[in-house]
Amino acid sequence: MPSIQSTIVSRIQEAFQPAELEVTEVSAEDAKYNVRIVSAAFAGVPLIQRHRMVNDLFGEELRSGTIHALGISAKPPPS
Amino acid sequence: MLKVSSKEHYAEIKKKAEGSLGLVVHFSATWCEPCTAVNEHLIKQATEYGDNVVFAEVDCGELGDVCEAEGVESVPFVAYFRTPLVGDDRRVERVADVAGAKFDQIDMNTHSLFGEKGGNGVQQKDFATVDDYLHYLTKRPGVVMFITGTPSRPRCGFTGRLCELVHQLGVPFIYYDVMTSDAVCERLKIYANWPTYPQVYVDGELIGGWDICRELSDEGELKSTLKR
């Protein structure tokens, strides 16, 4: 069973091919994670949609509480 | 507006509130000048809400033991109690407080906890489906925040931080405490396609959760987003 953190990393990498990716386990006990993603996939995408794109990757985990909170920073590379 | 005459009377009033949406208690004192205005304000609300919400006044000069039991150390002080929607234990639960004569906060809490329109026709049971209720809740004009707990008694760090942030901007808002209803708490995540709380709506449109608000704030855009 891969760790939740590694699952987060691999799904984001597969979905967005990020130029930069940082995944932080804020609290293992509380299942809180932060992700900082820089990816061309977010170019021209409104802020809320970017967050939805990331949240949707973990819909099941967020609904079940496997991931309680996912802090998201999702930006396109500086143009 | 009921005038509390004793500790026993206070307990009776709380019991009475179990048959309504909740209870609003104004802790006042005869020597407190702002208390007069707060009381007049709450008497108007009591008239508006009728049997839906119980309003009571405690004179702290006479009933120090009631004030002490409720942890009230200043006047005017308004404490909000909510009657649980379901379950065998119907005891009212303390869910929000307003310390001082802050009429905007009094209005925010009364309208957020018990609904506008004196609480009539705006409760979950007044809608055919949970989604109909969610449509009503989310489409209200202005800033509507779905939070865990209340601004004065947040039940999670994100909720506390968000409410503080919006308060500091001076932007008025109403809230819905998702702990009020399990059905709302679970269904809204799907309805909104947003898996966590808090959720912030502006004029019926979801703008996001804590992360987005913090990011907008860092970029100096949160106030304009909430005010648009």
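The following dialogue examines the sheets, helices, chain contacts and salt bridges of a predicted model.

Author: In this predicted model, local features need pLDDT of at least 70, side-chain atom pairs count only at pLDDT 80 or more, and totals for chains, interfaces and linings use all residues. Residues are numbered from 1 along each chain as its sequence is written, chains are lettered from A and ligands numbered from 1 in the order in which they are written, and side-chain values use heavy atoms, with hydrogens and water left out.

Reader: What makes strand 2 and strand 4 of chain B a pair?

Author: Strands are DSSP runs of E of at least two residues, helices are runs of H or I of at least four, and both are numbered from the N terminus. Two strands pair if DSSP finds at least two bridges between them. Strand 2 (residues 22–28) and strand 4 (residues 77–82) of chain B share six bridges in the antiparallel sense, so they satisfy this rule. Within this pairing, B:Val24 stands opposite B:Tyr80.

Reader: Why are strand 1 and strand 5 of chain B said to stand at the edges?

Author: The open sheet has five strands in the order 1-3-2-4-5, with mixed pairing. Strand 1 (2–3) and strand 5 (93–99) of chain B each have a single partner strand, so one side of each is left without a neighbour in the sheet.

Reader: How do you know which strands of this sheet helix 1 of chain B lies across?

Author: Contact means heavy atoms within 4.5 Å. Helix 1 (residues 7–17) of chain B lies across strand 1, strand 2, strand 3 (53–59) and strand 4, and runs at about 150° to strand 2 of chain B. Such angles run from 0 to 180 degrees between N-to-C directions, with axes fitted to C-alpha atoms, for helices over the stretch in contact. Helix 4 (residues 103–114) of chain B also packs on the sheet, and its direction makes about 5° with that of strand 4 of chain B.

Reader: Which strands are the edge strands of the other sheet described in chain B, the one in the order 7-6-8-9?

Author: Four strands form this open sheet, and the pairing is mixed. Strand 7 (174–177) and strand 9 (205–208) of chain B are the edge strands, as each pairs on one side only. Strand 6 (residues 143–147) and strand 8 (residues 199–202) of chain B run antiparallel and are joined by four bridges; B:Phe146 has B:Gln199 as its bridge partner.

Reader: What makes the meeting of A:Lys75 and B:Glu215 a salt bridge?

Author: A salt bridge is a side-chain nitrogen of Lys or Arg within 4 Å of a carboxyl oxygen of Asp or Glu. The N to O value for A:Lys75 and B:Glu215 is 3.5 Å, so the pair qualifies. The count between chain A and chain B is two salt bridges, and over all chains it comes to 19. A:Glu61 and A:Arg11 also meet in a salt bridge, at 2.7 Å. A:Glu61 lies in helix 3 (residues 59–64) and A:Arg11 in helix 1 (residues 4–16) of chain A, 50 residues apart.

Reader: How much area do chain A and chain B bury between them?

Author: Buried area is the accessible area (1.4 Å probe) that two parts lose on being put together, summed over both. For chain A and chain B this comes to about 1300 Å², 57% of it on carbon and sulfur atoms. A:Leu47, A:Ile48 and A:Arg52 supply 37% of the area that chain A buries against chain B, more than any other three residues.
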